[in-house]
Amino acid sequence: MDSTRQAWNDERMDEFAERTEENFKEVRAEIKDEIHGLRAEMNGRFAGLEAKIDRRFDILFGALATGFVGAVISHFLG
């Protein structure tokens, strides 16, 4: 009687282990997909932020260059 019950438990435990492993594989695949999507979204947002910063630095550099040229001109003409 004990051997029959033990065999049944071993089979059930093996089945449970297989199902659990399958579930973990599915969860891992879902997590990988989510991470891939998040990375793509973050890369897009960082690219947009980088473009904004580049524009701001271009404006700042233009203003500094204009001010410098104006200071040089007013020094020599003024």
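**View 1. Four salt bridges in a predicted model.** This structure holds 4 salt bridges, and the model you are looking at is predicted. The secondary structure of the protein chain comes to 1 helix and 0 strands. That helix, H1, covers residues 2–77. Of the 78 residues in the chain, 0% count as buried. Altogether the chain exposes about 7,600 Å², and carbon and sulfur atoms supply 62% of that area.

**View 2. Arg-19 meets Glu-15.** Start with the salt bridge between Arg-19 and Glu-15, where the closest N and O atoms are 2.6 Å apart. How far apart are these two residues in helix H1? They are 4 residues apart, which means that about one helical turn separates Arg-19 from Glu-15. Glu-15 has a relative accessibility of 30%, so it counts as partly exposed.

**View 3. Glu-41 meets Arg-45.** Further along the numbering, the side chains of Glu-41 and Arg-45 form a salt bridge, with 3.2 Å from N to O. Here again about one helical turn lies between the partners, because Glu-41 and Arg-45 are 4 residues apart in helix H1. Are the two partners exposed or partly exposed? Glu-41 is partly exposed, with a relative accessible area of 41%, whereas Arg-45 is exposed at 61%. As for networks, salt bridges that share partners join Arg-12, Glu-15 and Arg-19 into one, so you can return to the previous view and look for Arg-12 beside that pair.

**View 4. Glu-21 meets Arg-28.** Another salt bridge brings together the side chains of Glu-21 and Arg-28, at 3.6 Å from N to O. Glu-21 is partly exposed, with a relative accessible area of 34%. Arg-28 is partly exposed too, and its relative accessible area is 44%.

**View 5. A patch of negative charge.** Which residues gather in a patch of negative charge on the surface? They are Asp-10, Glu-11, Asp-14, Glu-18, Glu-22, Glu-26, Glu-30, Asp-33 and Glu-34. Take Glu-11 as a residue to find: this member of the patch has its place in helix H1. Glu-11 counts as exposed because its relative accessibility is 56%, and the cut-off for exposed is over 50%.

**View 6. A nonpolar patch on the surface.** Now look for Leu-38, Met-42, Phe-46, Leu-49, Ile-53, Phe-57, Leu-60 and Leu-64, which make a nonpolar surface patch of about 810 Å². One of these residues, Phe-57, is found in helix H1. Is Phe-57 buried or exposed? At 52% relative accessibility, Phe-57 counts as exposed.

Notes:
Residues numbered from 1 in each chain as written. Predicted model: local features only at pLDDT ≥ 70, side-chain atom pairs only at ≥ 80, totals over all residues. Heavy atoms only, no water. Patch = residues over 30% accessible without salt bridge, like charges linked within 9 Å, V, L, I, M, F, W, Y side chains within 5 Å. Areas by Shrake-Rupley, 256 points an atom, 1.4 Å probe, with all protein chains shown as cover. Lys, Arg positive; Asp, Glu negative; His and termini not counted. Charge placed at Lys NZ, Arg CZ, Asp CG, Glu CD. Buried < 20%, exposed > 50% of the residue type's maximum accessible area, 1.4 Å probe, protein only.
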